[in-house]
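Q: Got a minute to go through a structure with me? I'd like to talk about a few residues and the empty spaces.

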Amino acid sequence: MKTVLHKAEDRGYANHGWLQANHSFSFAGYFNKDKIQFGALRVLNDDIIAPKMGFGTHPHDNMEIVTIPLSGVLKHRDSMHQNWQQVLPGEVQVMSAGTGVQHSEINGSDDTHLSLFQIWIMPNKQHVEPRYDQKSFHDEDRQNKLQTLVTSIDENHEGSLKIHQDAIISRIDLDKGKTFEYTLKSDNHGVYVMTVFGQVSIADVTLGTRDALGVSNAVGFSIDAMEGSSLLFIEVPMG
């Protein structure tokens, strides 16, 4: 088993007033040659956006973008859909930028901060037709069991959102004292495990809130919850 530990306090950080951003990988003004990507995972941003503020219209192409709101109200608009759409905690949003798309993301609340994860995964197909989707997932469906959020568009996995990459994004909420066995899809896959909150142990490494561990060259591994914890898994091809 090969592991790479990313402590929460070692992430890139930017405070723009309206935006507080933590970067797990090199992004915008943050560059770390040792944190360019993890396999096909290019970006994991942990953002807090002030009320009524956000990202104005800007372009993307040839990237799979996944947004997971944690609290607050996200409002989204893009060149495929001119109307503003709400994305709430419990929902997940995916966008295949493909040949090119323009979009805006703002905090839809007048008085509450918006907290979210934004994930960028490099696609396995270039110049696809842009697409957008979002879906609601229930908290109880990840209590001490894996809840699959996103899978490859080439696979017939019911209930998950789809992207153009052989990736799996999932979550689990573990009660204190619980153990979970995570199994990777193939020898070529690695999984980036982010502790959303809580404290767990993986391969004798203790992970607290927002700590992350990249695991590769492994069939699977055990996760022991030292307290009530929530985990995000981003499994991607490494080669």
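A: Sure. A word on naming before we start: strands here are DSSP runs of E with at least two residues, numbered from the N terminus. Also, this is a predicted model.

Q: Okay, where does His6 sit?
A: His6 is in strand β1, which covers residues 2-6.

Q: And is His6 buried or exposed?
A: Buried: the cut-off is under 20% relative accessible area, and His6 has 8%.

Q: What does the side chain of His6 make a polar contact with?
A: With the side chain of Tyr192, at 2.7 Å.

Q: Which other residues is His6 in contact with?
A: Leaving out neighbours within four places in sequence, His6 touches Ser24, Phe25, Lys35, Asp211 and Ala212, along with Tyr192.

Q: Switching topic: what does UniProt say about residues 12-121?
A: The unreviewed UniProt entry annotates that span as "domain: Pirin N-terminal". In the model, residues 12-121 are 60% strand and 0% helix, and the C-alpha atoms at the two ends are 19 Å apart.

Q: Now pockets. What's the volume of the largest pocket?
A: About 280 Å³.

Q: Which residues lie nearest its centre?
A: Leu19, Phe27, Asn45, Asp47 and Phe55, out of 19 lining residues. By class, the lining has 9 nonpolar, 8 polar and 2 charged residues.

Q: Which strands supply at least two residues each to that pocket lining?
A: β2 (12-15), β3 (19-23), β4 (41-49), β5 (54-60), β10 (101-107) and β11 (114-121).

Q: How many cavities of 30 Å³ or more are there?
A: The count is 1. About 40 Å³ of space lies in the largest cavity.

Q: What lines the largest cavity?
A: Asp47, Ile49, Phe55, Thr67, Leu74, Glu105, Leu116 and Gln118. That makes 4 nonpolar, 2 polar and 2 charged residues, with β4 and β11 each giving at least two of the lining residues.

Q: Since β4 came up, what about Ile48, which is found in that strand? How accessible is Ile48?
A: Ile48 is partly exposed, at 33% relative accessibility. That label applies because the value falls between the 20% and 50% cut-offs.

Q: And which residues does Ile48 contact?
A: Beyond its neighbours within four places in sequence, Ile48 is in contact with Trp18, Leu19, Gln20, His113 and Leu114.

Q: Last one: how far apart are Ile48 and Arg77?
A: In sequence, 29 residues; in space, 19 Å from C-alpha to C-alpha.

Definitions and conventions
Residues are numbered from 1 along each chain as its sequence is written. This is a predicted model: local features need pLDDT of at least 70, side-chain atom pairs count only at pLDDT 80 or more; totals for chains, interfaces and linings use all residues. Side-chain values use heavy atoms; hydrogens and water are left out. Helices (H or I, at least four residues) and strands (E, at least two) are DSSP runs, numbered from the N terminus. Buried means under 20% relative accessible area, exposed over 50%, partly exposed in between (1.4 Å probe, protein chains only). A polar contact is a pair of N or O atoms within 3.5 Å; within protein, one must be able to donate a hydrogen and the other to accept it, and residues adjacent in sequence count only if both atoms are side-chain atoms. Contact means heavy atoms within 4.5 Å. UniProt positions are given in the numbering used here, feature names are shortened, and annotations may be inferred rather than shown by experiment. On a 1 Å grid over the protein atoms alone, a cavity is a set of points where a 1.4 Å probe fits but cannot get out, and a pocket is an open set with protein on both sides within 12 Å along at least five of seven lines; lining residues have an atom within 4 Å of a point. Grid points are joined across faces, edges and corners, and a volume is the space filled by probe spheres set on the points. Ala, Val, Leu, Ile, Met, Phe, Trp, Tyr, Cys and Pro count as nonpolar, Asp, Glu, Lys and Arg as charged, and the others, Gly among them, as polar.
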